[in-house]
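Got the viewer open? Let's take a short walk through this one, picking selections as we go.

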Amino acid sequence: QVQLVESGGGLVQAGGSLRLSCAASGRTFSNDDMAWFRQAPGKEREFVARSRWSFSPLYADSVKGRFTIFREYAKNTVYLQMNSLKPEDTAVYYCAARQIGLNEYNYWGQGTQVTVSS
């Protein structure tokens, strides 16, 4: 059974940093996409960042220059380093994985809350 387990969320002041982790088990995602999404209260879930083997990371405009996605392939883990956090970054952050060739992400984590105070 494939599982994605996020960790690292919490409460931080504006301007601060957090690092989210997502550990995958049950399947190796070396050649697949792994990504981060987020959902703020009352809003639709939105894309944050994507990591794909041998491609440059992809970021939402709202986080470019502040967030960094990176992977440890040996640990089957993806991270999201978040710097210069803003109150509008407050959301539940979800890790997702997508097998190559699929349009939709077919594996999701349970989410981790990130709250940025002003």
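One cut-off to keep in mind: a residue is called buried under 20% relative accessible area, exposed over 50%, and partly exposed in between. Also bear in mind that this is a predicted model.

Start with the protein chain in cartoon view. You'll find zero helices and eleven strands, so the pattern along the sequence reads β-β-β-β-β-β-β-β-β-β-β. The radius of gyration is 13 Å, close to the 13 Å that the globule rule gives for 118 residues, so the chain is as compact as a globular protein of that length. Along the principal axes, the C-alpha atoms fill a box of roughly 40 × 25 × 25 Å.

Next, switch on the surface. About 6300 Å² is exposed, with carbon and sulfur atoms supplying 47% of that area. Of the 118 residues, 45% count as buried. Try showing contacts too: among those with a separation of 6 or more, 54% link residues 24 or more positions apart.

Now colour by charge. There are 13 positive and 10 negative charges, and their mean positions lie 4 Å apart.

Now select Ser54, in the loop between strand 5 (46-51) and strand 6 (58-59). Its phi is near 70°, a positive value in a residue other than glycine. Is Ser54 buried or exposed? Ser54 is exposed, at a relative accessible area of 64%.

Last stop: Ser84, in the loop between strand 8 (77-82) and strand 9 (91-98). Phi of Ser84 is positive as well, near 50°. Ser84 has 41% relative accessibility, so it counts as partly exposed.

Note on methods. Residues numbered from 1 in each chain as written. Predicted model: local features only at pLDDT ≥ 70, side-chain atom pairs only at ≥ 80, totals over all residues. Heavy atoms only, no water. Helix = DSSP H or I, 4+ residues; strand = E, 2+ residues; numbered from the N terminus. Rg over C-alpha atoms; globule rule 2.2 N^0.38 Å. Buried < 20%, exposed > 50% of the residue type's maximum accessible area, 1.4 Å probe, protein only. Contact = heavy atoms within 4.5 Å. Areas by Shrake-Rupley, 256 points an atom, 1.4 Å probe, with all protein chains shown as cover. Lys, Arg positive; Asp, Glu negative; His and termini not counted. Charge placed at Lys NZ, Arg CZ, Asp CG, Glu CD.
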